[in-house]
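Colleague: I'd like to learn how to read empty space and helix packing in a model. Could you walk me through it?

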Amino acid sequence: MALPFLFEFWAMEHQLPPEGDWRTWVIMGGRGAGKTRAGAEWVRAQVEGARPQDKGVCHRLALIGETVDQVREVMVFGESGILACSPPDRRPEWQAGRKRLIWPNGAVAHVFSAHDPEGLRGPQFDGAWVDELAKWKKAREIWDMLQFGLRLGDNPRVCVTTTPRNVRVLKDILKMPSTAITSAPTEANAANLAAGFLDEVKARYAGTRLGRQELEGVLLEDVEGALWTAPALESARVEAPPELDRIVVAVDPPVTGHAGSDECGIVVVGAVTRGPVQNWKAYVLDDASVSAATPATWAKAAIAAMEQFGAERLVAEVNQGGDLVESVIRQVDPLVPLKKVHAARGKSARAEPVAALYEQGRVHHMRGLGELEDQMCAMTVQGYEGKGSPDRVDALVWALTDLMIERAAKWRHPQVRAV
């Protein structure tokens, strides 16, 4: 359906939703490129129809932003929001107490926060506008809950407006056959930006990775200066490992065990350690990490991974929990072979020797390690550039250090071998 009114923010071909049988329309643009206006106009088109007397195709929508305040201030009341774009005779009423918009034709849009996935459990919709999905901490959970709620009407659709960021959920959405994609740089909306703004930000950020993301609307797969890159990890992928000499499961336990806790990194790695040290190879077999887990939960998950892959021992970092970490593990399996490790250096310093093994082509990955690889591509020599803590990477580093680096050092230095 064509939008009912023209608006000046992009070239003509970017004003209208794509043709075809799409379910999700992702509008990726730089800062100030007009994404919010596009989303607001799309909502109007769905609610109002092509003429004032039309009922529209959507009668119950979801408006989802990072917080309820941001939905209200940007998507509803913002300068490019729904109310600003609506003619007086079709202007919806904002009901603050019920956090919703009601149009004169009876259509309703309910407001939801990206911090509350459970808030989307139960409601149902025939359309949704999702703003800045790529920066949400719980983007995956929110997106999944929304999909279950899109069950009204003949063809429920979603408009996603976002500055692109290298997050797994956005990449997965873009790969879906039912997704239509529109991109636009900040410069495309130059006529509606403050004088001098574009020149200033281009002078500062043009030619940088941040500029490509924030000004050109380009989805960057890697962090600048990352120890690992997506192409390198893809080249390290194999379909199946050879016969392995050793397998370990490494654990990076969280400090706490509640819904807001960091993940517990649990990574399974095997190695072929026959022949000269320089010929040794490692294979990352599985990422069994768990989120919001109690100590008993992550300990059971780690030992289950050991049993599944026939690992010879568990390698666990004990900096945060000390003896408590061992105690939790022993409660699940008193006889499990356990090696306790202490971090004497920072995360990046510990990761660099492991990254060197990848550069030498000595580490390979099985499929299904996407979340681990996302963290790896956000780890730089200066620190971790992703959200939260790189617990999966920490577990990977401990496993490869145990299998490859420490054992290789013992072979190179016989006096160490005797210790």
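**Reading a helix and a cavity**

Modeller: Sure, and keep in mind that this is a predicted model. Let's take helix α5 and what covers its buried residues, which includes β1 (24-29), α4 (139-149), β7 (157-162), β8 (179-184) and α12 (370-376).

Colleague: Which residues in helix α5 are buried?

Modeller: The general idea first: an α-helix has 3.6 residues a turn, so residues three or four places apart point the same way. Here, α5 spans residues 168-175, and its buried residues are Val169, Leu170, Lys171, Ile173 and Leu174.

Colleague: At what angle do the axes of α4 and α5 cross?

Modeller: They cross at roughly 40 degrees, and the axes come within 9 Å. Angles under 35 degrees count as roughly parallel, and α4 and α5 are therefore oblique to each other.

Colleague: Which residues in α4 meet α5?

Modeller: From α4 you have Ala139, Arg140 and Trp143, and they meet Arg168, Val169, Asp172 and Ile173 in α5. Sorted by class, the residues of that contact are four nonpolar, no polar and three charged.

Colleague: Now the empty space. How many cavities of 30 Å³ or more are there?

Modeller: Rolling a probe the size of a water molecule over the atoms shows where empty space is left. In this model, the count is one cavity of 30 Å³ or more, and the largest cavity holds about 40 Å³ of space.

Colleague: Which residues line the largest cavity?

Modeller: The lining is made up of Glu66, Ala114, His115, Trp136, Lys137 and Lys138. By class, that lining has two nonpolar, one polar and three charged residues.

Definitions and conventions
Residues are numbered from 1 along each chain as its sequence is written. This is a predicted model: local features need pLDDT of at least 70, side-chain atom pairs count only at pLDDT 80 or more; totals for chains, interfaces and linings use all residues. Side-chain values use heavy atoms; hydrogens and water are left out. On a 1 Å grid over the protein atoms alone, a cavity is a set of points where a 1.4 Å probe fits but cannot get out, and a pocket is an open set with protein on both sides within 12 Å along at least five of seven lines; lining residues have an atom within 4 Å of a point. Grid points are joined across faces, edges and corners, and a volume is the space filled by probe spheres set on the points. Ala, Val, Leu, Ile, Met, Phe, Trp, Tyr, Cys and Pro count as nonpolar, Asp, Glu, Lys and Arg as charged, and the others, Gly among them, as polar. Buried means under 20% relative accessible area, exposed over 50%, partly exposed in between (1.4 Å probe, protein chains only). Helices (H or I, at least four residues) and strands (E, at least two) are DSSP runs, numbered from the N terminus. Contact means heavy atoms within 4.5 Å. Axes are lines fitted to C-alpha atoms, for helices over the stretch in contact, and angles run from 0 to 180 degrees between N-to-C directions. Angles under 35 degrees count as roughly parallel, over 145 as roughly antiparallel, 65 to 115 as roughly perpendicular and the rest as oblique.
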